[in-house]
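Q: Please pick one side chain in this model and look closely at its surroundings. Then work outwards from there to the other parts that can be described in detail.

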Amino acid sequence: MNRVHRDNRVPELRGDRLRLRELRVDDHGAFRRILTHRVLTRYLGIDRMDPAQAHDAFAQALAQPFARPRRKYTLAVCALDDDTMLGTMGLLVEEYGSNAMLTSLVLLPGAPVRGHGHEAGRLLMAYGFGVLGLHRIWAGHRTDHHHMPPVMRAAGLRPEATLRQLFRTQGCWHDVDTYTALAPEWKRQASPAELAILDGSPSLLPT
């Protein structure tokens, strides 16, 4: 059975170069900037939003910790020494089995953690494999998003398949290359910080 915190909130997850935390009301501006930005939404599985749509999406993301059971985790990416939201990282727990999909990795232009997006994925994978008790986590990218394969490999994900015409954005259908990690294999290459998250260290839990 999955082990979930009683309030469904994810504790702050700290890595070597960045950290993840739950969204807050004052993240609205950065969140809206991402979802209304023509370039930042180019490779996402959704079309660019207008401000009203982005506002509604933010309200839905803020409400995620109150869902029972919680299946969506949209977290803010921050620098280690600054609480400003620099991007997003997400996890979508599937309704069957012990599986989840990594989603919504986006970093704002000029963010000091750019180049380390794989670490955001690894932190959330450690939480998923540890606290949430997941067995399999997968992720994907459009086949024409050529910068993503090394990011996937750095996150500890292995190539798996190509899903043809998985989603439609910007008026076109897009193929997606998928990658996966299994808990027993991924845990063997986890860093000390990731192992602490996997073990549900008391220092990582909300007070």
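A: Arginine 19 counts as buried, since its relative accessibility is 5% (buried is under 20% relative accessible area, exposed over 50% and partly exposed in between, with a 1.4 Å probe and protein chains only). This is a predicted model, in which local features need pLDDT of at least 70 and side-chain atom pairs count only at pLDDT 80 or more, while totals for chains, interfaces and linings use all residues. Residues are numbered from 1 along each chain as its sequence is written, and side-chain values use heavy atoms, with hydrogens and water left out.

Arginine 19 belongs to strand 2, residues 18-22 (helices, H or I of at least four residues, and strands, E of at least two, are DSSP runs numbered from the N terminus). The side chain of arginine 19 makes a polar contact of 2.8 Å with the side chain of aspartate 83, and it also reaches the backbone oxygen of alanine 79 at 2.9 Å. A polar contact is a pair of N or O atoms within 3.5 Å; within protein, one must be able to donate a hydrogen and the other to accept it, and residues adjacent in sequence count only if both atoms are side-chain atoms. Leaving aside residues up to four places away in sequence, arginine 19 touches a set of residues including Glu12, Arg14, Val77, Leu80, Asp82 and Leu123 (contact means heavy atoms within 4.5 Å).

Strand 2 is part of an open sheet of eight strands, ordered 1-2-3-4-5-6-8-7, with mixed pairing (two strands pair if DSSP finds at least two bridges between them). Strand 1 (13-14) and strand 7 are the edge strands, each pairing on one side only. Strands 5 (residues 99-107) and 6 (residues 136-142) run parallel and are joined by three bridges; methionine 101 has tryptophan 138 in strand 6 as its bridge partner.

Edge strand 7 (residues 158-169) contains another arginine, arginine 168. At 47% relative accessibility, arginine 168 counts as partly exposed. A polar atom of its side chain lies 3.2 Å from the backbone oxygen of glycine 171. Arginine 168 touches Asp47 and Trp173, not counting residues up to four places away in sequence.

Helix 2 (residues 51-62) packs its buried residues against helix 1 (28-36) and strand 3 (72-79). At the start of helix 2, a side-chain oxygen of aspartate 50 comes within 3.1 Å of the backbone nitrogen of alanine 52. The buried residues in helix 2 are Ala54, Ala57, Phe58 and Ala61. They lie on the same side of helix 2, because they cover an arc of only 105° around the axis (the arc of the directions from the helix axis to the C-beta atoms).

There are three aromatic pairs (rings of Phe, Tyr and Trp, the last by its six-membered ring, with centres within 6.5 Å; planes under 30 degrees apart are stacked, over 60 edge-to-face, the rest tilted). One of them is the tilted pair of phenylalanine 31 and phenylalanine 58, 5.1 Å centre to centre with 55° between the planes. Phenylalanine 31 is in helix 1 and phenylalanine 58 in helix 2, so this pair ties together parts 27 residues apart in sequence. Both phenylalanine 31 and phenylalanine 58 are buried. Phenylalanine 129 and tryptophan 186 form a tilted pair too, with 5.7 Å between centres and 45° between planes. Here the pair ties together parts 57 residues apart in sequence, because phenylalanine 129 lies in helix 3 (residues 117-129) and tryptophan 186 in helix 5 (residues 183-187). Phenylalanine 129 and tryptophan 186 are both buried.
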